[in-house]
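Reader: I am in my first year and would like a careful, close look at a single part of this model, the largest pocket. How much space lies in the largest pocket, and which residues are the closest to its centre?

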Amino acid sequence: MPIVPPTHSVERSLRRAGAKVVVGLDEVGRGAWAGPVTVGAAVTGLRRPPEGLTDSKLLTELRRRALAPVLADWVTAYALGHASPQECDELGMTAALRLAAVRALEALPVEPDAVILDGKHDYLGGPWRVRTVIKGDQSCICVSAASVLAKVHRDGMMAELGEQHSAYGFADNAGYPSPVHRAALEELGPTEHHRLSWAYLDALPKWRHLKRIRPGLEAAEGSADEQLTLGF
């Protein structure tokens, strides 16, 4: 099935309602066992995007890496925000996503009048005017741009960490579940870059004592994400 290119449709509707600066937000790293959760913010205006732009997950690694510098020059503005593994453990994923998003928005050189957020859940909230769009990373140009920029940047960060921790395969799995990653955890345990409240530790008896438990319902949120990713 051919990929339908993203459009400015949602952005135009927000502009008609009075928003002059519209920012697209997308996250990467939510379901990872290691590394930060990263949120990209991109302002694109209404110009025609570079050829082939779509959700980063639909692009090959080679295509993403080629497209990212083109996007960085093409967008009106962009910024990235991160929440560390420790912040993910301490705050829970929803609050960590909001923290990363706020950091990205505050790093922009322009102040947004409205934000298009990928997905159906508004993890950002006020004071921003937020429009959630399911599969916005495929359908909205500014969200697609944020998706690619965030993915390529975070993958690069994880590849650098992989130079220090080669056994975990971070250059290939970007901190997400994989057989190589799980085997290294079983043998060596988590590093300082791992999230210690995630459920993967429940399946590693040797390292289960390192598990961090957060009070309240938020404690299970990250665990559910990564359990769905690998199926345990």
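Author: Helices (DSSP runs of H or I, at least four residues) and strands (runs of E, at least two) are numbered from the N terminus. With that convention, the elements of the protein chain run α-β-β-α-β-α-α-β-β-α-α-α-α-α from the N terminus on, which amounts to nine helices and five strands. This is a predicted model, in which local features need pLDDT of at least 70 and side-chain atom pairs count only at pLDDT 80 or more, while totals for chains, interfaces and linings use all residues. Residues are numbered from 1 along each chain as its sequence is written, and side-chain values use heavy atoms, with hydrogens and water left out.

The largest pocket (on a 1 Å grid over the protein atoms alone, an open set of points where a 1.4 Å probe fits, with protein on both sides within 12 Å along at least five of seven lines) holds about 590 Å³ of space, a volume being what probe spheres set on the points fill, with points joined across faces, edges and corners. It is lined by 23 residues, of which Asp 26, Glu 27, Arg 30, Lys 57 and Asp 118 are the closest to its centre, and lining residues are those with an atom within 4 Å of a point. Two or more lining residues come from each of strand S1 (22-28), helix H5 (136-139) and helix H6 (141-164). By type, the lining divides into eleven charged residues, seven polar and five nonpolar, where Asp, Glu, Lys and Arg count as charged, Ala, Val, Leu, Ile, Met, Phe, Trp, Tyr, Cys and Pro as nonpolar, and the others, Gly among them, as polar.

Two of these elements repay a closer look. In helix H6 we find Ser 147, which is buried, with a relative accessible area of 3% (buried means under 20%, with a 1.4 Å probe and protein chains only). Leaving out residues up to four places away in sequence, Ser 147 touches Asp 26, Asp 55, Ser 56 and Asp 137, contact meaning heavy atoms within 4.5 Å. In strand S1 we find Val 23, which is also buried, with a relative accessible area of 0%. Beyond its neighbours within four places in sequence, Val 23 is in contact with residues including Ala 41, Val 43, Leu 108, Ile 116 and Cys 142. Another of its contacts is Leu 105, which is 82 residues from Val 23 in sequence but 8.5 Å from it in space, C-alpha to C-alpha.

For the chain as a whole, buried residues make up 52% of the 232 residues, and its C-alpha trace spans about 55 × 40 × 35 Å along the principal axes.

Methods
Buried < 20%, exposed > 50% of the residue type's maximum accessible area, 1.4 Å probe, protein only.
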